[in-house]
Amino acid sequence: HGFRLLLAQADYNIAYLHLLRGDYLNARALYDEARRAAVASGDRYHAAVCDLDEAELLIELNLHGDAEELARAAVRAFRQLRLGYEEAKARVFVALCAGRQGELKRALQLLQRSRRQFVSEQNAVWPPLIDLYAALLLAQAGDLIAARQRGRAALGFFSPTVLPAKAIHCRLLLARIDLQLGQIRSAEAHSAAAERLLPHAQSPALAGHTWALKGRIHEALDHHDAARAHYLRAEKEFEALRDRLRTEELRISFFQDKVAVYESHFRLLIKRDQIPEAFATAERAKSRNLAAAVTPRRRILAGSPEAESREQLDLLYRELEGAEFDRSPDAPARTASLRDRIRRTESDLRKRRATLPAAADDSFIPSLEEIFARLPEDARFLEYFRAGDDLYAFVIGGGRATVHQTGSASRILSLLR
């Protein structure tokens with residue numbers, strides 16, 4: 001029995017290593033093996049941890065129904081084992097799945113229940129993180145005043161020097177809320193504070209979100225040239241992240257939807273009647289979605305030096321996430337060391353990328369002039385683009401292009417069903 005127990009624990013450790021490296025396909029298979037071994041040996045703890053880790057993996061893959069089922073099983077198992085911290089963490093994952101599936105009220109109730117449990121466990125980090133999650137969900141539900149209150153509470157805990165990434169998340173959320181409330185100067189102040197923290201966070205994803213939000217603020221002030229410059233800067237950051245995991249981001253849609261920056265940029269260009277630039281932006285957005293859907297990261301990069309750098313980054317970001325939750329005296333030094341290693345690995349990866357051929361980038365996107373040259377004079381070419389719920393149609397041909405807003409995409413889809 002003892003040998004089988006050790007074997008189950010070893011299987012779990014191997015699966016967890018694959019999760020840290022971002023090797024999700026093998027991680028899922030190994031978690032399944034580890035779970036069966038744990039159940040066979042009577043190791044209820046490792047069986048539940050397998051459920052918890054795989055739920056986290058599935059959340060990152062946007063498989064929220066399957067993730068919630070595993071997280072619920074983990075909640076029940078940890079409750080039976082009387083492990084309060086693990087039970088509360090598993091319930092947070094259930095809440096995140098509920099939120100991503102539109103069940104905002106249930107998600108907020110689950111988060112509040114976990115918050116109370118973390119407080120009773122005397123955990124200092126999780127309650128403010130739950131405040132941030134709750135603020136994001138409240139903002140999504142349109143309760144901006146309550147969202148701002150919870151966001152401010154979270155910001156009061158996250159130190160700009162010890163937890164800069166979480167502090168940036170708070171600042172960006174508060175800026176977004178103030179922008180929606182028409183308090184543009186306050187939104188500017190929060191976005192400027194987020195920008196000052198970027199060198200400490202070493203997060204290209206958060207940099208992209210920061211530039212995108214600053215673009216929206218400049219657009220609200222009618223500073224269209226500055227807005228476009230920031231949108232382009234955000235797109236550049238997100239293009240560099242096309243096949244990176246989201247390990248440094250919160251698992252909430254606001255911080256995961258990178259295509260939104262292309263949509264904001266597109267609308268700005270339409271407003272300025274810059275049709276060729278709007279067409280190019282729409283095509284880049286669709287290229288990004290297509291690349292994400294059909295280009296398996298591991299298949300392209302496996303065995304290459306770039307793959308090694310990316311796997312190392314995945315591992316470092318997950319270690320950094322764990323270090324930020326560590327309250328031991330040596331945690332700040334460990335966190336600083338991890339950020340330095342991330343900075344050096346990112347630099348190495350950028351150098352490696354410079355030597356590789358482009359894939360699914362702007363070189364594959366034809367310009368309007370190229371389309372004009374290939375179309376017969378009497379032919380017309382239609383190209384559609386969805387920005388939010390608005391559907392736009394480009395009519396191209398005869399040496400000119402026009403764009404038309406055709407209506408609500410969801411309404412059109414419902415009529416076609």
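This is a short exchange on how a few helix and surface descriptions of a predicted model are reached.

Mentor: Local features need pLDDT of at least 70 and side-chain atom pairs count only at pLDDT 80 or more, while totals for chains, interfaces and linings use all residues. Residues are numbered from 1 along each chain as its sequence is written, and side-chain values use heavy atoms, with hydrogens and water left out.

Trainee: What makes a stretch count as one of the 20 helices or three strands?

Mentor: Helices (H or I, at least four residues) and strands (E, at least two) are DSSP runs, numbered from the N terminus.

Trainee: How do you know that the span of helix 5 agrees with its number of residues?

Mentor: The expected span is 1.5 Å times one less than the number of residues. For the 17 residues of helix 5 (residues 84-100) that gives 24 Å, and the end C-alpha atoms are 25 Å apart, so the two agree.

Trainee: Why is helix 5 called mostly covered?

Mentor: Buried means under 20% relative accessible area, exposed over 50%, partly exposed in between (1.4 Å probe, protein chains only). In helix 5, 14 of its 17 residues are buried, hence the wording.

Trainee: Which residues of helix 12 are buried, and how do you know that they line one face?

Mentor: They are H224, A227, H230, Y231, A234, E235 and F238. The arc is that of the directions from the helix axis to the C-beta atoms. Seen down the axis of helix 12, the buried residues fall within an arc of 140°, so they line one face. The face turned away from the buried side carries the exposed residues D225 and K236.
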